[in-house]
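Work through the exercises below with the sequence and the coordinates open side by side. Each task is followed by a solution that proceeds step by step.

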Amino acid sequence: MLAVETITKRFGGLIAVNAASLKVNAGSITGLIGPNGAGKTTLFAVIAGFEKASEGRILFAGQDITAEPAHLRAQAGIARTFQIVQPFAGLSVVENIAVGAYLRHPARAEAQGRAREVASLVGLGAMLDQPASSLTVSGRKRLELARALATEPKLLLLDEVLAGLNPSEIRDMIPVIRQIRDQGVTILMVEHVMQAVMSLCEDIHVLAQGRIIAQGTPSEIAGDPAVIEAYLGQGAAKRLQRSAGMGENHA
Ligand SMILES: Nc1ncnc2c1ncn2[C@@H]1O[C@H](COP(=O)(O)OP(=O)(O)OP(=O)(O)O)[C@@H](O)[C@H]1O
């Protein structure tokens, strides 16, 4: 569904994304992980058309969309959520979601009808008429998800939708994300909550200092020395191996 081909993004002298390539298969939940500042959000912005790639190509369903503006990518079926959630505070929950639904349903009643369906999918069905400003952090995250989903995307880019949630809220959100995929939406997610990434994603790409350093299944990624080093620093993989060996000796 999506092919990112050797994308580079420079901000002046800073290379935020450095010749990164990745693929997202239709129907999958694919993960994009990496330490802080690795370039994940920047790569999302380039995929969604909010930032222009300095080099490289983006293919969506086989079409080269590298030069397309963000609104045409949304029309084609790409939606993203934002790490910093900023709902229209003065509007109700259903009106906020309808903003996304207007993309495919210009009539108000239809857009609101679609917004209600999406609200119940993400667990906001009981809060339709509340002002968005009254939602908790967890409610705002669900609203952000709903606004993107209301555009009826084929590919949904989730930027840390679990950040700031407590463990029980995370447990509640995981099946919601899975259900969205089961309804036919392909998902690419940036996430720091590893337990969620490991349980949801069939394929994971790891970005570190702008480069893709590993790709594979959750268990391949968890055991990859380059990934361990990227998160824990140089020599960490060896140190872990040694202490695991010592553990066995003691046992
Ligand atoms: N608009 C911008 N102008 C200049 N530098 C930027 C801009 N956006 C991002 N950067 C820089 O690009 C690098 C990558 O940032 P990015 O936010 O993409 O990383 P990230 O992997 O999403 O990090 P985090 O996990 O902390 O959200 C950082 O060094 C950041 O400071």
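## Confidence and conventions

The protein chain has a mean pLDDT of 93, and 98% of its residues reach 70 or more, pLDDT being the predictor's confidence in each residue on a scale from 0 to 100. The model scores ipTM 0.95 and pTM 0.91. The model is predicted, and local features need pLDDT of at least 70, side-chain atom pairs count only at pLDDT 80 or more, while totals for chains, interfaces and linings use all residues. Residues are numbered from 1 along each chain as its sequence is written.

## Exercise 1: the ligand shell

Identify the residues around the ligand, and state which element supplies the largest share of the shell.

Step one is to list the residues near the ligand, where near requires that the C-beta atom, placed from the backbone, lies within 6 Å of it. The residues around the ligand are F11, L14, A16, G34, N36, G37, A38, G39, K40, T41 and T42.

Step two assigns them to elements, with helices (H or I, at least four residues) and strands (E, at least two) taken as DSSP runs numbered from the N terminus. At least two residues of the shell come from each of strand 2 (14–24) and helix 1 (40–48), and helix 1 gives the largest share, three residues.

Step three sorts the shell by chemistry, counting Ala, Val, Leu, Ile, Met, Phe, Trp, Tyr, Cys and Pro as nonpolar, Asp, Glu, Lys and Arg as charged, and the others, Gly among them, as polar. The shell then holds four nonpolar residues, six polar ones and one charged one.

## Exercise 2: the surroundings of helix 1

Explain why helix 1 is described as largely enclosed by the rest of the structure.

Begin with the criterion: a residue is buried if 20 or more other C-beta atoms lie within 10 Å of its own, exposed if 12 or fewer, and partly exposed in between, with C-beta atoms placed from the backbone. Because eight of the nine residues of helix 1 are buried, this helix is largely enclosed by the rest of the structure. The buried residues of helix 1 are K40, T41, T42, L43, F44, A45, V46 and I47. Finally, look just past the helix, where G49 follows with a positive phi near 90°.

## Exercise 3: two domains and their contact

Which element gives the most residues to the side of domain 1 that touches domain 2?

First, take the bounds from an automatic or database domain assignment: the protein chain is divided into domain 1 (2–77 + 154–250) and domain 2 (82–152). Their centres, taken over C-alpha atoms, are separated by 25 Å.

Next, examine the contact, for which two residues must have C-beta atoms, placed from the backbone, within 7 Å. The contact takes 13 residues from domain 1 and 14 residues from domain 2. On the domain 1 side, strand 7 (155–159) and helix 6 (167–182) are the elements that give two or more residues, and helix 6 gives the most, with four residues. That side divides into seven nonpolar, three polar and three charged residues.

## Exercise 4: positive phi outside glycine

Compare the location and burial of A19 and E160, for which phi is positive.

For A19, phi is near 50°, a positive value in a residue other than glycine. A19 has its place in strand 2, and it counts as partly exposed, with 14 C-beta neighbours inside 10 Å.

For E160, phi is likewise near 50° and positive. E160 is found in the loop between strand 7 and helix 6, and it is buried, with 21 other C-beta atoms within 10 Å.

## Exercise 5: helix 3 and the nonpolar core

Determine what the buried residues of helix 3 pack against, and which residues I97 contacts.

Seven of the nine residues of helix 3 are buried, namely V93, V94, N96, I97, A98, G100 and A101. These buried residues pack against helix 4 (108–121) and helix 5 (137–149).

Leaving aside neighbours within four places in sequence, I97 is in contact with A115, V118, A119, A146, R147 and A150. V99, also found in helix 3 (residues 93–101), is partly exposed, with 16 C-beta neighbours inside 10 Å. Not counting residues up to four places away in sequence, V99 touches F88 and R147.
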